[in-house]
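Biologist: Please walk me through the largest pocket up close. Which helices and strands each supply at least two residues of its lining?

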Amino acid sequence: MAGKPVFHYDEARGRMESVQWLLAAAGVEYEEKFIHTNEDLEKLRSDGVLMFQQVPMVEIDGMKLVQCRAILNYIATKYNLYGKDMKERALIDMYSEGLADLNEMFILYPFDPPGVKEANIALMKEKATNRYFPAFEKVLKSHGQDYLVGNKLSKADIHLVEMIYNMEELDPNIIANFPLLQALKTRISDMPTIKKFLQPGSQRQPPVDEKSILKTRKIFKF
């Protein structure tokens, strides 16, 4: 029997957050080996386990996977969150890539200098409310089903609800005008494994703060 997946990343949300959401949706337990210092990172590099000298890295099924999309796609395929055929996977990929564009802004904005940070928060909120969330509301309305693709839970639904939670940290009312997104958020949040993941004390990391920003800068030297 294969062991639990093992994450190697710093002790922050960042790029591992989406992977954690997927595993939570699948009800899969995992372990974490946090990188606390630059020396920890350099040790992984010198051990030759990081293909491109960078994290996150996940040990799963005898592999040491890097690159977030590769990790996400493998987990989605393994746990049946990736559609039933090529057409469904194409839609799931399209939706997921759109969300990844917005999520990249969310991951990076805490490291922006004052002034730039505020401008990027405003830009994220504008894009979420005028570009991304209306598009997904339209998809759900077009077919009247519970989930984005094939009326079955997929990684696209999980990524979307993750992004809703992220954006609600910036504006608690950001989906007030999107009733179908509200319903999707409720539907997925009520899944027992997701509900557990969202509870305080779970493996989900808290929002980024100044202390975690400083630690991340020291680990990755930027």
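Modeller: Helices (H or I, at least four residues) and strands (E, at least two) are DSSP runs, numbered from the N terminus. This is a predicted model, so to speak up front: local features need pLDDT of at least 70 and side-chain atom pairs pLDDT 80 or more, while totals for chains, interfaces and linings use all residues. Numbering starts from 1 along each chain as its sequence is written, and side-chain values use heavy atoms, with hydrogens and water left out.

Now the pocket: an open set of points on a 1 Å grid over the protein atoms alone, where a 1.4 Å probe fits, with protein on both sides within 12 Å along at least five of seven lines. The largest one has a volume of about 1100 Å³ (the space filled by probe spheres set on the points, joined across faces, edges and corners). Its lining runs to 50 residues, each having an atom within 4 Å of a point. Go to the centre and you'll find Y9, G14, R15, E104 and I107 nearest.

As for your question, β1, α1, α2 (38-46), α3 (68-78), α4 (86-108), α6 and α9 (210-220) each put in at least two lining residues. Helix α4 has the largest share, with eleven.

Two of those contributors, β1 and α1, also belong together. Strand β1 (residues 6-10), helix α1 (residues 17-26) and β2 form a right-handed β-α-β unit: with the strands pointing away from you, the path from the first strand over the helix to the second runs clockwise. β1 runs parallel to β2 (residues 31-35), joined by five bridges; pairing takes at least two bridges found by DSSP. On β1, look for D10, which stands opposite I35 in β2.
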